[in-house]
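The following exercises concern a predicted model. Please work through each task before reading its solution.

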Amino acid sequence: MQTIGIRDLQVNPASFTRPLEANDFVMITKHGKPLGVATSFDNDILRHGVLESIVLKAFEKGDISLGQLAKSLNLTKEETMSYLAMLKIPVTEYDIAEDIKGIEAFL
């Protein structure tokens, strides 16, 4: 997530739009305090709504945990995992080569 102050936004608006074009979040601050969060407008927002789209995107990017996602969606972890499966969003992402190295190091 990018952070941009109100003053920077006025001086260099491209610093605000670039992250949105890259499908990233932008936190807007005023005097260093969070004022709001902006996200790119896409079909997911129309399909899922703003809050749900933001937390799903944050989960996919690894910015929030499964527990935080479940709490944001007001679901249990089990319900959230089922919902993610329905949306074809992986619950965990890992590198198998890294796991093999860890196993080999243990042996």
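**Exercise 1.** Determine which residue follows helix 4 and what is the sign of its phi.

*Solution.* Locate helix 4, which spans residues 50–60. Helix 4 is followed by G62. The phi of G62 is positive, near 85 degrees.

**Exercise 2.** List the buried residues of helix 4, and then identify which residues make up the largest nonpolar core.

*Solution.* Begin with burial, for which the relative accessible area must be under 20%. In helix 4, the residues that meet this condition are S53, V55, L56, K57, A58 and F59. Next, consider the largest nonpolar core: its nine residues are V55, L56, F59, L66, L69, L73, Y83, L84 and I89. Helix 4, helix 5 (66–73) and helix 6 (77–86) are the elements that give two or more residues to this core. Another core, of six residues, lies apart from it and includes F16, L20, I28 and A38. In soluble globular proteins, nonpolar side chains tend to be buried together.

**Exercise 3.** State which residues L66 touches, leaving aside residues up to four places away in sequence.

*Solution.* Contact requires heavy atoms within 4.5 Å. With those sequence neighbours not counted, L66 touches F59, T80, M81, L84 and V91.

**Exercise 4.** Describe in what order the three strands form the sheet, and where helix 2 lies.

*Solution.* The three strands form an open sheet of mixed pairing, in the order 1-2-3. Strand 1 (2–5) and strand 3 (33–38) are the edge strands, each pairing on one side only. Strand 1 and strand 2 (residues 26–30) run parallel and are joined by four bridges; G5 stands opposite T29 in strand 2. Finally, helix 2 (residues 14–21) lies across strand 1, strand 2 and strand 3, at about 155 degrees to strand 2.

How values were computed. Residues numbered from 1 in each chain as written. Predicted model: local features only at pLDDT ≥ 70, side-chain atom pairs only at ≥ 80, totals over all residues. Heavy atoms only, no water. Pairing = 2+ DSSP bridges. Axes fitted to C-alpha atoms, helices over the stretch in contact; angles between N-to-C directions. Buried < 20%, exposed > 50% of the residue type's maximum accessible area, 1.4 Å probe, protein only. Core = buried A, V, L, I, M, F, W, Y, C linked by side-chain atoms within 4.5 Å.
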